[in-house]
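Hi,

Here is the model I promised to pass on. Have a look at it first, and my notes follow underneath.

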Amino acid sequence: MIRKFYLENTKGVIFNFNYHSGILLSDVEGLGFEFNLAYLKYGHLHKTVSRDTPLLEISGVLNYLNGYESYDKFIDFINQGSENLKLFYETTDIKYVYVDIVVLTKTEIKDGILRSDIVFNKKSYWIKERQLTIDFNDSVSGKIYPFKYDYLYQATKEGKTTITVNGSFNASTIIEINGSVINPELTAIQNGKITSSLRLLLDAKDSKVVVSSVPNDRYLKMTKGSTETDIYEFQDFTKDNFIELAPGVNTLEFKSGVMEQTQCKIHIFEYHLG
């Protein structure tokens with residue numbers, strides 16, 4: 001199995017470690033995980049009372065296949081920013097981890113190749129992104145009247161889908177609702193119980209509503225035309241609103257509150273230990 005590594009900076013610029021770029025990343029260590037555990041002793045038994053994830057390092061060796069030409073190319077990349085990089089690791093799937101470059105040693109020639117050691121601070125779990133769109137059912141809720149204008153009595157169109165979330169922790173989401181809404185709702189259900197729910201007290205036409213539960217970037221905003229508005233105050237505060245999905249099978253139910261063909265997209269961020 002061939003594995004690939006590459007970096008992406010905050011500007012979206014990607015640097016690949018491969019023959020085309022002239023730099024290979026080898027001898028990589030620290031791709032796994034480590035916990036700091038605390039225990040209480042009960043007789044001859046120990047009970048785990050807390051679990052913490054320390055700041056870990058990922059290290060490796062950079063091999064500059066074209067000598068200082070390759071080295072200069074990498075220096076140009078990190079001069080654009082060496083913090084909050086995404087380090088991608090691709091095998092049968094693609095995951096990334098947030099890192100800072102904390103060490104890049106002086107270059108030296110070994111076995112005829114210019115090399116240096118590199119060390120990253122690993123700042124997150126490994127993240128795998130997925131996206132789904134909730135499609136509408138043909139049916140609608142509410143009583144159907146046999147009149148020409150029966151749609152006036154139909155409360156909403158509803159969409160429902162089921163997804164299996166992997167990873168070791170609750171997945172964060174970015175919810176994007178495109179179209180018209182009246183008090184839209186999104187509910188996550190697992191084993192027959194509601195685990196997370198969103199409801200906005202909002203009446204909007206032809207808008208884009210985005211709600212992010214990503215830990216370091218939580219927000220609620222609405223865009224109409226070229227105008228973006230913070231809609232934090234329009235939450236139904238009886239709900240948690242920042243949707244997180246527990247590992248396992250989740251059923252997602254979406255209600256737009258209108259009869260128009262409103263679309264709900266869900267961007268999922270799974271968190272893996274390795």
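Which strands each supply at least two residues of the lining of the second largest pocket? They are strand 1 (4-8) and strand 3 (23-29), where strands are DSSP E runs of at least two residues, numbered from the N terminus.

Before more on that, some housekeeping. This is a predicted model, in which local features need pLDDT of at least 70 and side-chain atom pairs count only at pLDDT 80 or more, while totals for chains, interfaces and linings use all residues. Residues are numbered from 1 along each chain as its sequence is written, and side-chain values use heavy atoms, with hydrogens and water left out.

The average pLDDT (the predictor's confidence in each residue, from 0 to 100) is 88, and 91% of the residues score at least 70. Residues 137-156 fall below 50, with 26 contacts in the model beyond near neighbours in sequence; a contact means heavy atoms within 4.5 Å.

Back to the pockets. A pocket here is an open set of points on a 1 Å grid over the protein atoms alone, where a 1.4 Å probe fits, with protein on both sides within 12 Å along at least five of seven lines; lining residues have an atom within 4 Å of a point. The second largest holds about 240 Å³, and its lining includes Arg3, Tyr6, Phe17 and Glu90.

The largest pocket has a volume of about 290 Å³. Of its 14 lining residues, Tyr98, Ile127, Val214, Asn216 and Tyr271 lie nearest the centre. Strand 8 (94-104), strand 11 (126-134) and strand 21 (263-272) each give at least two residues to that lining.

Strand 10 (residues 113-122) is worth a look too. It is largely enclosed by the rest of the structure, because 7 of its 10 residues are buried (under 20% relative accessible area, 1.4 Å probe, protein chains only). Strand 10 pairs (at least two DSSP bridges) antiparallel with strand 6 (residues 56-64) over 9 bridges, and leucine 56 sits opposite lysine 122 there. Strand 8 joins strand 10 through 5 antiparallel bridges, with leucine 104 partnering isoleucine 118. Strand 9 (residues 108-110) adds 3 antiparallel bridges to strand 10. In the hairpin of strands 9 and 10, with 2 residues between the strands, aspartate 111 has a positive phi near 55°.

Finally, strand 17 (residues 203-212) runs antiparallel to strand 14 (residues 172-182), with 8 bridges, and shares 5 antiparallel bridges with strand 18 (residues 219-224). Strands 17 and 18 make a hairpin with 6 residues between them.

Cheers

Conventions. Helices (H or I, at least four residues) and strands (E, at least two) are DSSP runs, numbered from the N terminus. Grid points are joined across faces, edges and corners, and a volume is the space filled by probe spheres set on the points. Buried means under 20% relative accessible area, exposed over 50%, partly exposed in between (1.4 Å probe, protein chains only).
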